[in-house]
Amino acid sequence: MRYPGKKSVEDRLHRWETATGRGDVPLSQTMWDEQYGRGRWSFLSGIEEMAHYAVIVGYATFLKPDSSVLDVGCGAGVLHERFSVVGYRRYTGVDISQVAVESLQDTAPPHASFHAFDAATFTPEGRYDVIVFNESITYFADPLAVFARYQQFLSPGGIVIVSCHVQSPRARAILRRLERENAVIDATDITQGRTSWRCVAFGDQAR
C-alpha cells in the first residue's frame, strides 16, 4: 500500500517488532537463537497446530508421493516429524537458528539433513520435488525474491507449498502477490481453534 509517511511508519513498526521479538518480520540469528533457547516456539509441536501441518503433508504426498523435500525455515523440525510418518525419499531442512538446528543433529535419520544457515542465501544440493515454506515466508526481508530464487531448485513438475498465518496483514499481502504471479494448483483455508492459516500449493511455473 502507498500512503503519506509510509516509510517512516514502516521503519518505526519494524524497530518495535525487532525490539520486542513480535510480529512476523525478519529477525537476527541472535534473536532466533534466544527465542528457541527459551522455548518460545515449543507450542508449534502441540495439537493446536496440527491442522495446517496435515494439509502441507497431504498436498506433498498427493501431488508428489515418495518425494525429495526441502523445508525452508525448518526450525526445530516439527514438520519433519509429520513427514517421517508418511515417508520421503530425501529431506533437507535449513534454518537461521543454530540452536534449533543443533537440536536435530543427533536424531536425524539417514536420508535427512539439517543446516544452520540464512535461508535467504542458502544453496541446496540438487533439486527437490517439494519445497515448503511453513510459516517462514513472512520472515524474509524480500519474500517474493526468496520464493522466486527457490523455484530454481525445483525438479521438473515440482511444487512449492506455502503456509501462512493469515491473521497477519503482512502474510495476507505476501500470499496475494504470490497467488497473482504464480501458478496455483490448489489452496486451502484452515481454522483450528482461534487460529487461521492459508496453505497454497504452487506449480513450478510463474503465470
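**Aromatic pairs**

I started with rings, and a search over the whole structure turned up nine aromatic pairs. Worth jotting down right away: this is a predicted model. I described each pair by how far apart the centres are and by the angle of the planes.

I pulled up Phe117 and Phe122 first. Their rings form a tilted pair, with 5.8 Å centre to centre and 55° between the planes. Are the two partners buried or exposed? Phe117 is partly exposed, at 41% relative accessible area. Phe122 comes out at 7% relative accessibility, so I put it down as buried, the cut-off being under 20%.

Then I looked at Phe147 with Phe202. That pair is edge-to-face, 5.2 Å centre to centre with 75° between the planes. What does the pair tie together? Phe147 sits in helix α6 (residues 143-151) and Phe202 in strand β7 (residues 195-206), so the contact joins parts that are 55 residues apart in sequence. I checked burial here too: Phe147 has a relative accessible area of 2% and is buried, and Phe202, at 0% relative accessibility, is buried as well.

I followed the ring pairs outward from there. They link Phe133, Phe140, Phe147, Tyr150, Phe153 and Phe202 into a cluster.

**Charges over rings**

Tyr150 from that cluster came up again when I searched for charges: the charged end of Arg149 sits over the Tyr150 ring, 5.5 Å from its centre. I also noted Arg90, which lies over the face of Tyr128 at 4.1 Å from the ring centre.

**Helix α4 and what it packs on**

Next I went through helix α4 (residues 78-86) for buried positions and got Val78, Leu79, His80 and Phe83. In an α-helix there are 3.6 residues a turn, so positions three or four apart point the same way. What do the buried residues of α4 pack against? I found α3 (50-63) plus four strands: β1 (68-72), β2 (90-95), β3 (112-116) and β4 (128-134). Just after α4 I flagged Gly87, which takes a positive phi of about 90°.

**β2 to β3**

Two of those strands, β2 and β3, deserved a second look. They pair in the parallel sense, over five bridges. How does the chain get from β2 to β3? I traced it through helix α5 (residues 98-105), and the resulting β-α-β crossover is right-handed. For a specific bridge I looked up Asp95, whose partner in β3 is Ala116.

**Cys164 and its surroundings**

I then picked Cys164, which is in strand β5 (residues 154-165). At 1% relative accessibility Cys164 counts as buried. I listed its contacts, skipping neighbours within four places in sequence: Glu135, Ile137, Thr138, Ala171, Leu175, Ser196, Trp197 and Arg198. I also took the C-alpha distance from Cys164 to Asn134 and got 7.0 Å, for residues 30 apart in sequence.

Ala171 from that contact list led me to Ser168, in the loop between β5 and α7 (169-181). A polar atom of the Ser168 side chain is 3.1 Å from the backbone nitrogen of Ala171. Is Ser168 buried or exposed? I have it at 11% relative accessibility, so Ser168 counts as buried.

Notes. Residues numbered from 1 in each chain as written. Predicted model: local features only at pLDDT ≥ 70, side-chain atom pairs only at ≥ 80, totals over all residues. Heavy atoms only, no water. Helix = DSSP H or I, 4+ residues; strand = E, 2+ residues; numbered from the N terminus. Buried < 20%, exposed > 50% of the residue type's maximum accessible area, 1.4 Å probe, protein only. Contact = heavy atoms within 4.5 Å. Pairing = 2+ DSSP bridges. Right-handed = clockwise from strand over helix to strand, strands pointing away. Polar contact = N/O pair within 3.5 Å; in protein donor to acceptor, adjacent residues only side chain to side chain. Phe/Tyr/Trp six-rings, centres within 6.5 Å; stacked < 30°, edge-to-face > 60°. Lys NZ or Arg CZ within 6 Å of the ring centre and 35° of its normal.
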